[in-house]
Amino acid sequence: MTDTATRKKKLIEVALPLEEVSRAARADKAVKTGTLRNLHKWFAPMPLPAWRALLFAALVDDPEDDNRRVYLLDLVKRLVANGAGLPDAETLAEAKSILDEQFPAGLPTVFDPFCGGGSTLVEAQRLGLPTFGSDLNPIPALITRTITQTLPAVHGQQSITESLTPFATDTLPVGDSHPTDGYEGLIKDVRYYASLIKDEAEQLLQGAFAAPPAEDPVAWLWVRTATCVNPACGIETVLTTSWWLSKKQGQLAWIEPLVRDGRVHLQVVSNQRSGSPSAPPKVGRGATFSCIACSAILNEDEIIKQGREGKLGTRMAAVIAETQGQRIYREPTDGEHAVASKVPAVDDFPDLSLPDIPRWFSGPRFGFTTQRDQYTPRQLHVLATFADLVSRMHSRVLQDGGTSEWADAVTTLLGLAVGKLAQYGSTQTFLFTRNGPSAAKAAFGRADMPMMWDFVETYALGDSIGSWDAIVKNLIRSLSFVVAGTGQVVRSDARISRLPTPGLVATDPPYFDAIGYADMSDFFYVWHRRALRETHPDLYQTMGAPKSGELTAIPLHHGNSMDEAREYFIGGFTSTFQNLRHSMAPGLPMLVVYASKEQKSGAGEEARWSSILTAMLAADLEITGTWPVHGTTVNRMISAGTNAVASYIVMVCRPRSQDAEAISVTDFNRALRRELGPAIRNLQASSILPVDLYQAALGPGMQVFSRHRAVLDQTGAPLGVDHALRLINAALAEVLDEQEGELDTTSRFAVRWWATHGWHHATFDDADKVARPLGLGVDSVVRAQVATSHANRVALLGSGSLDRNWFPDSDSVPTAWEAVHHLTDRLIDGGGELEASKLMARLGSLQDPTMALTYRLHDIAAKKGRTADQERYNALINSWAELVRLSGDSAATMEGLF
C-alpha cells in the first residue's frame, strides 16, 4: 500500500475551479430539453459538466508547480465553459492528450457501481476513457447500457431503411451546435420504425378516441369525484385543485361548475381577455374538499373511506384540441365519454402493489393500491399497444437487413421512448397553467407519486407534448451527447461488482432514505419489460424491479424499523467500499458524490451523513479532499425553499495508510480549529450556499478525522462518527462567531439584536444594553441607518421597502448590514441580478464582510426557524459569483460615475 507521505496527489486533492464548475452545473440543470436527461427519466442525475471536470482532475497529477497548475485549472475551466453544451473539440483533444501522457501504458477504466442515469460514464468516454458500469436496478442499467455500450457499438453505421421510404431521409434537428456525428444512420432508422409503430398503433387504437373531424386532439382533463356527505345533498361532487385551463394572455380559459337537476355540470369558459374561475373545492392542506352543491366539507377521513370502498370516481372535465392552428378548450361530448369508457381492458398487465410509504406514494391511503390504478383504462390500452409494437421491432429490423447490434440499438431507443410515453401517460400527469398556456407536466417532477385529484390524459397519436412523435423527437435530440466510446454495463450488486483490471472508481450512490429508487422504478419497469424483454433478457427476469438488496435505508424494507434500516445501510456500504477498494488502481483515488435531500443541520441530517461516513471509515478509507458543487439557480432556491437540493458534496477518498496513528480527542479538536477556519473561508469564497455550508464543512472536518486510525476519548474508547460530526459542527459555529467579531461594530450590534428580536420592535433600554458593550450608542446605530427608534421602540432596518438609491460611497457610515440587505432587496424584489450587481460594483472593501455576514445571518435564521429569511440569504450567496462577474461589466461599473 502506498504511504500517504510518498503518494502523488491528484489535482482534485489540491485545487479545483469550483466557481466555474458550479456555474456549468447550474446551466446544465436549468436546461430541460435537448440534454442527455431527455433519453429517459432517472432520479437526481449529476450534471454532465461536473463529472467531466471531476474525472479529469482526479486522473491528472497535481504538478506541484504554480504555473503548470494554473494551466491545468484553466483547462478544466475550458472543459465546462459551454455550460450545458459540449466542450470545444480543441479543448477536448487537449485534455485527452494530457491524459494519454499521464497514462502511457494505457488509460484506466472508469467504474461506476451505481451507474444511475449514466452521466459519470458518458463523460468518462468523452475524455477517451473505457468504462464499466453496474447497478442492481434494471432501469439505470438499461439507460447507462444504452448510451455507453449499445449505441457506441453501432456508431458510424449506415441506415438500412433509407431506400425503403422518403420519410427516412428527412432531417430532424438534434442540437444547434453539436450534431450527432456518427449516429445519423441510426436516427433515420429510429424515425422510420417509430413512424411504422405509430401507423400500426393508429390502426389498433381505432375506436379508442372520438373527436370532430376538424379538430386535432391534444389532451383530456379528468377530475376525481366523491359523494357528498350531507344527507340532504348526496350529489356526486367534483374533487379538483384548480379550475384553470389556460392563463395565456388574451386566451384565458377555465371551468365553471354549475349545479342543475341534482348534478354538477362543468361548463368551459374560453377565449377570455379578463376574469377568473371560482375558487376550487380544495380546502387547505390535505385531502379536504367542499361540496360544490351545498358547501358541506368532505374531510380527509371521508375521502379515504370512500376511496377504500371504491366509491371515488373519475370524470372527463374538458377537452383540449387544436383547429386551424389555434388551441381550443371545450366541454366533452357524450360520445367522447362513451368511447373512453368502452376501451378494452389490458388483461396481462402485471399485478404489482404500490408500497405503503405515504411520503412517496399517497395513492394507497385512498384505495389506489396497484400500478394499474395509476392509469385510466384508455391509458393502459394505449401504452400496452405501443409497448407490444416495439417488442416486435427487433425481428423486423433483422428482417430488413439490420445486424443484431443494429436491431438492439433501434429497439432499445424505441423501448426507452415507451418509458417516456408512460411518464406522460398516467394519472400522475397534470395540467400546468401558471402564467401562460396550458401544458402537460410529466410524472416525477419530484421523486414521488402523489395522489392526483385532477390529471391530464395526453394524446399519444398527436404531435403535442406527451405524444409519441414529440417523445421520439426529444429522445433523438439527446443523442448529441452520446460518445463513440468503449464500455460495458451489467446488472449487479455493488457489494460484489468489480473491475477486471483496477482503475478509477467514481460514483454517485443512493443517499440514505431520500429516494425509493426500486419502488419508483416499477412505474417504468413494467413497460420496459413488455417492450424489451427479448432485447435485454438479463435485465427483466422478475415481474417487478428488484427490491431486495437495494442499498437504501427505507424502514418499510426492514420491518418498519429506522434503526434496522440504518444498520443495513451502514453494513451494506461498508461491504461496498471494501469491495470497491479492489477496483482502485494504485495511485488513483475514489470519488464519491453525496447529495442531501434535506438541507438542514441537526440530528436527522447528522445520522444520514454519519451513516455513509461510518461505512467509508469502516472500509479503511481516508477522505483526502472535498468539493461542494452546487447546481441550483436563485429562482429554484426561492421557489423550492430551503429543502431543495442545492449542492453535491464530492468526497475524494484513498485507502488509509497502514501506519495511521490514533490521536486523542483533544488533539482532534486542536487540529479541527487549526484547519477548519481556512477551509470555511475557501468554501465561502467559492460561494458555497449557506444552506449547504454545514454539510460542506463536514468534508474538511472528516479529512482530519479519517486520516487517523482512531480518535480516542478520555477513557481511551474510539470516538464514533456521530460524535465527531457534533464536534465539527461546534467548530464551525466557532468559526462563524469569529467572523462576526471581524465585522464593523454597528453590524455586530445588528446581528446580536436580530438573533434575539428578529424584525420585531423592542424597547430602547433593551437596545442600549446590546449597544453599550460594543462602545456604541443607540443613536449612532440609528444614524447609521441600521435601525429605527420611535416612541421608545427600536427595530432593525432591512426588511420591507429600502432606498434603492443607496450606495456605500454616498453613506457617511456604510455598514455590512446595510450592504447585505440592500443587495438582497435588489436581487429578489428590485430588478434582479443586474441591479444588484450595480451595488456590488461599488461595495469595495465592504464586499468580504458582507459575504461573511450573509453566512452568519443564514446560520441564525436556520437555528431560529426563520425560513423566509433563510431563503433570501441563501439566494444572495447563490447569485454572489454572478453578481461579482456582472459587477465587472460596464453596465454596472459605469453607472454613477458621471
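**Entry 1: Trp-468 and the core**

I began with Trp-468 in this predicted model, and I listed its contacts while leaving aside neighbours within four places in sequence: Ala-194, Ile-197, Lys-198, Phe-386, Val-390, Leu-414, Ala-417, Val-418, Leu-421 and Ala-460. I then looked up the core, and found that the largest nonpolar core has 249 residues, with Trp-468, Trp-527 and Phe-577 as those that have the most contacts inside it. Helix α12, which covers residues 404–423, gives the most to this core, namely 11 residues. Apart from it I noted another core, of 35 residues, and among its members are Cys-228, Ile-235, Tyr-329 and Met-451. I set beside this a general remark, that nonpolar side chains tend to be buried together in soluble globular proteins.

**Entry 2: Leu-39**

Next I asked which residues Leu-39 is in contact with, once its neighbours within four places in sequence are left aside. I found Ile-143, Thr-146, Ile-147, Leu-413, Leu-416, Lys-420, Leu-475, Ser-478 and Leu-479. Leu-39 itself is in the loop between α1 (18–30) and α2, and I count it as buried because its relative accessible area is 1%, where the cut-off for buried is under 20%. I also looked up a distance in space, and Leu-39 and Gly-419, although 380 residues apart in sequence, are 9.7 Å apart from C-alpha to C-alpha.

**Entry 3: Trp-243**

I turned to another loop residue, Trp-243, whose place is between β4 (236–239) and β5 (244–246). Is Trp-243 buried or exposed? At 3% relative accessibility Trp-243 counts as buried. Its contacts, not counting neighbours within four places in sequence, include Val-238, Trp-254, Ile-255, Leu-266 and Ile-292, and I also wrote down the prolines Pro-257, Pro-277, Pro-280 and Pro-281 from that list. For a distance along this part of the chain I took Ala-253, which is 10 residues from Trp-243 in sequence, with 8.9 Å between the two C-alpha atoms.

**Entry 4: Tyr-568 and Pro-814**

Tyr-568 lies in helix α15, residues 562–580, and I recorded it as partly exposed because its relative accessible area is 23%. Leaving out residues up to four places away in sequence, Tyr-568 touches Arg-495, Gly-549, Glu-550, Leu-551, Thr-552 and His-558. I looked up its distance from Pro-47 as well: the two residues are 521 apart along the chain, and their C-alpha atoms are separated by 29 Å.

Pro-814 is in the loop between β24 (793–796) and α24 (816–828), and at 33% relative accessibility Pro-814 also counts as partly exposed. With residues up to four places away in sequence not counted, I found that Pro-814 touches Pro-808 and Leu-846. Ser-747 is 67 residues from Pro-814 along the chain, and I noted 9.8 Å between their C-alpha atoms.

**Entry 5: two positive phi values**

I next looked at the backbone, bearing in mind that most residues other than glycine have a negative phi. Glu-64 has a phi near 55°, a positive value in a residue that is not glycine, and its place is in the loop between α2 (48–59) and α3 (66–79). I count Glu-64 as exposed because its relative accessibility is 61%, where exposed begins over 50%. Gln-324 likewise has a positive phi, near 55°, and I found Gln-324 in the loop between β10 (313–323) and β11 (326–330). At 80% relative accessibility, Gln-324 counts as exposed.

**Entry 6: the whole chain**

Finally I stepped back to the whole protein, which has 29 helices and 24 strands. Along its principal axes the C-alpha trace spans about 85 × 75 × 65 Å. I compared the radius of gyration, 30 Å, with the value near 29 Å that a compact globule of 898 residues would have, and the two agree. Of the 898 residues, 58% count as buried, and of the contacts with a separation of 6 or more, 75% are accounted for by residues 24 or more positions apart.

On the outside, I noted that the protein exposes about 35,300 Å², with carbon and sulfur atoms supplying 48% of it. How many positive and negative side chains does the protein have? I found 86 positive and 103 negative, and the centres of the two sets lie 3 Å apart.

Conventions. Residues are numbered from 1 along each chain as its sequence is written. This is a predicted model: local features need pLDDT of at least 70, side-chain atom pairs count only at pLDDT 80 or more; totals for chains, interfaces and linings use all residues. Side-chain values use heavy atoms; hydrogens and water are left out. A nonpolar core is a set of buried Ala, Val, Leu, Ile, Met, Phe, Trp, Tyr and Cys residues joined through side-chain atoms within 4.5 Å. Buried means under 20% relative accessible area, exposed over 50%, partly exposed in between (1.4 Å probe, protein chains only). Helices (H or I, at least four residues) and strands (E, at least two) are DSSP runs, numbered from the N terminus. Contact means heavy atoms within 4.5 Å. The radius of gyration is taken over C-alpha atoms; the globule rule is 2.2 Å times the number of residues to the power 0.38. Accessible areas come from the Shrake-Rupley method with a 1.4 Å probe; for residues, only the protein chains shown count as cover. Lys and Arg count as positive and Asp and Glu as negative; His and the chain ends are not counted. The place of a charge is taken as NZ of Lys, CZ of Arg, CG of Asp or CD of Glu.
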